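Open the model in a viewer and keep the sequence panel visible. The stops below are given as selections, each followed by what is found there.

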Amino acid sequence: MRNVSTMTLACLTMGISACASMAETSEALGDAVYGDSASGKEAMVRAANAYPLGSAQNPVRVFQGVGERAYLARLRCSDDSNPHVTRVGSGGQGPFRTMMTVYSVDCRAALPGQVLVYMDNHFERHEENRPVPGFTITPRAQ
């Protein structure tokens, strides 16, 4: 529910049954406006996949900070070394309408050198197994 204070006031005024109906309507409206439905999210992912993975237009999709760290730990430079990773900060709102985090991923003398990787950690059921361009990725530990 996107407007909790308005919803709460309406529920107190109109009663429980009206509140339940209003909540369903609000969620449906949110899905339509914000693209939060499954088909809306799938369409946003398809559109993002037209851009390189890890870019601001197609951030790496993970779940929470632990997902960010796990993904970054699996990246390998051209010489098979682990890149040096530094959190740069917020990348602002991304294509999935959530905040992104930006990391500097630096292979030093190895290719691809230093790259900014954008990540969106709001994807609970997604684990990214593709590498950011220029890197390879190790399999996920079981």
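Select Y103 and V117: V117, in β5, is the bridge partner of Y103. This is a predicted model, and the tour stays with this strand pair for a moment. Add S104 and L116, which stand opposite each other, L116 being in β5. Now show the whole of β4 (99–106) and β5 (114–120); the two strands run antiparallel and are joined by 6 bridges.

Next, move to the other neighbour of β4. Select β3, residues 84–93, which pairs with β4 in the antiparallel sense over 8 bridges. Within this pair, S90 stands opposite T101 of β4. Follow the chain through the hairpin of β3 and β4, where 5 residues lie between the strands. Stop at R97 in this hairpin, which takes a positive phi near 65°.

Go back to β5 and select β1, residues 60–61. Here the pairing of β1 with β5 is parallel, over 2 bridges. R61 stands opposite D120 in β5.

With these strands displayed together, read the sheet across. Its 4 strands come in the order β1-β5-β4-β3; the sheet is open and its pairing is mixed. β1 and β3 are the edge strands, each pairing on one side only.

Now select the helix α4 (64–74). α4 lies across β1, β3, β4 and β5, and runs at about 25° to β4. Colour G67, E68, Y71, L72 and R74, the residues of α4 that are buried. Looking down the helix axis, these buried residues fall within an arc of 160°, so they line one face of α4. Turn to the other side of α4 to find V66 and R69, which are exposed. The cover over the buried residues of α4 includes β1, β2, β3, β4, β5 and β6 (136–137).

Keep Y71 selected and expand to its contacts. Which residues is Y71 in contact with, leaving aside its neighbours within four places in sequence? They are L53, V60, V62, M119, E128, R130, P131, V132 and I137.

Two of the residues just shown lead to the next selection. The largest nonpolar core has 17 residues, and V60, Y71, M119 and F135 touch the most other members. α4, β4 and β5 each supply at least two residues of this core. The largest share, 3 residues, comes from β5. For a second, separate core, select M44, V45, A48 and F123, which are among its 5 residues. In soluble globular proteins, nonpolar side chains tend to be buried together.

The last stop is the disulfide. How many disulfides does a search of the whole structure find? It finds 1. Select C77 and C107, which the disulfide joins at an S to S distance of 2.1 Å. The link of C77 and C107 is left-handed, with -90° about the S-S bond. C77 sits in the loop between β2 (75–76) and β3, and C107 in the loop between β4 and β5. The pair is 30 residues apart and links distant parts of the chain. Both cysteines, C77 and C107, are buried.

Key
Residues are numbered from 1 along each chain as its sequence is written. This is a predicted model: local features need pLDDT of at least 70, side-chain atom pairs count only at pLDDT 80 or more; totals for chains, interfaces and linings use all residues. Side-chain values use heavy atoms; hydrogens and water are left out. A nonpolar core is a set of buried Ala, Val, Leu, Ile, Met, Phe, Trp, Tyr and Cys residues joined through side-chain atoms within 4.5 Å. Buried means under 20% relative accessible area, exposed over 50%, partly exposed in between (1.4 Å probe, protein chains only). Contact means heavy atoms within 4.5 Å. Two strands pair if DSSP finds at least two bridges between them. Axes are lines fitted to C-alpha atoms, for helices over the stretch in contact, and angles run from 0 to 180 degrees between N-to-C directions. A disulfide is a pair of cysteine sulfur atoms within 2.5 Å. The arc is that of the directions from the helix axis to the C-beta atoms.
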